[in-house]
Amino acid sequence: MCQFFKNWRNPAVGAGSFCALTCRLFEEACECERDSVAQRELFFSAACIAEVSNEDMGLLGPNHGELYEELATAFCGSDKWKLQRYGLPMVTEYLTEAREYLERGKDMIYALMISLAEELYNHGEFTYIAPLFKKWYGRIPGLDVHTRNRYLRFIFEHVGGTESGHFAYMTQGLIHYCRACGVTPDWEALGQRNQEYIRETAISFDRLCATMKVSNEQAEVV
Ligand SMILES: [Fe+2]
Ligand SMILES: [Fe+2]
């Protein structure tokens, strides 16, 4: 469990890279000719991307990093899942690279597209796992509904319009950015980024699953 929660999600890190992307867009806007169409579109684009991190950082509700900590600690029985020794760089490799690209990558359209792919994936993943987590956690004897819902709040906060809303903001952000550059959004390229994201995420989960199996087998031997 510690390996799973250390490597699965850390919204605090994700929010940081979205903030970096927003700052880069504002910087680009400030470098443009004052009151030009390009400047206005870049400001709009930055405002759209900022909407995505508002929610993760808890500006409009609970801080998602804290909710994740509560969930992971409840599942692991303590906060030892935070220890560095549970980190698996080969599992988080793709996401780490994607986030670094948001912070420093040269092609801003590419950066926006990989963020879009992430939001779309998030919507699907949370929608899929919410009932499974509920069912799994419901099997723990003696756990009342109130406590269960409190621990699972991280999951519930991301279903419904949360991640699909992020996707909508990201789409608007991309459209504004493309207008600023005077280009048409390449939706085919976006489709490719989505496919890459899903493929790489599947590889990450396979690696995590294989490592967890080995750890379980070793624990059984000991
Ligand atoms: Fe979040
Ligand atoms: Fe999101």
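Why does D35 count as exposed? D35 has 7 C-beta neighbours inside 10 Å, so it counts as exposed (the cut-off is 12 or fewer other C-beta atoms within 10 Å of its own, with 20 or more for buried and partly exposed in between; C-beta atoms are placed from the backbone). This comes from a predicted model, in which local features need pLDDT of at least 70, side-chain atom pairs count only at pLDDT 80 or more, and totals for chains, interfaces and linings use all residues. Residues are numbered from 1 along each chain as its sequence is written, while chains are lettered from A and ligands numbered from 1 in the order in which they are written.

D35 sits in the loop between helix 2 and helix 3 (helices are DSSP runs of H or I, at least four residues, numbered from the N terminus). Its phi is near 65°, a positive value in a residue other than glycine. Most residues other than glycine have a negative phi.

Now for the inside. The largest nonpolar core (buried Ala, Val, Leu, Ile, Met, Phe, Trp, Tyr and Cys residues joined through C-beta atoms within 7 Å) has 28 residues, and I49, L112, L116 and M170 have the most contacts inside it. Helices 2, 3, 5, 6 and 9 each supply at least two of its residues, with helix 6 giving the most, 8 residues. Apart from this core lies another, of 12 residues, including L67 and Y151.

Beyond its neighbours within four places in sequence, L112 is in contact (C-beta atoms within 7 Å) with M170, G173, L174 and Y177. Those four are among the buried residues of helix 9, which pack against helix 3 and helix 6. Just after helix 9, G182 takes a positive phi of about 75°.

Technical notes: Two residues are in contact if their C-beta atoms, placed from the backbone, lie within 7 Å.
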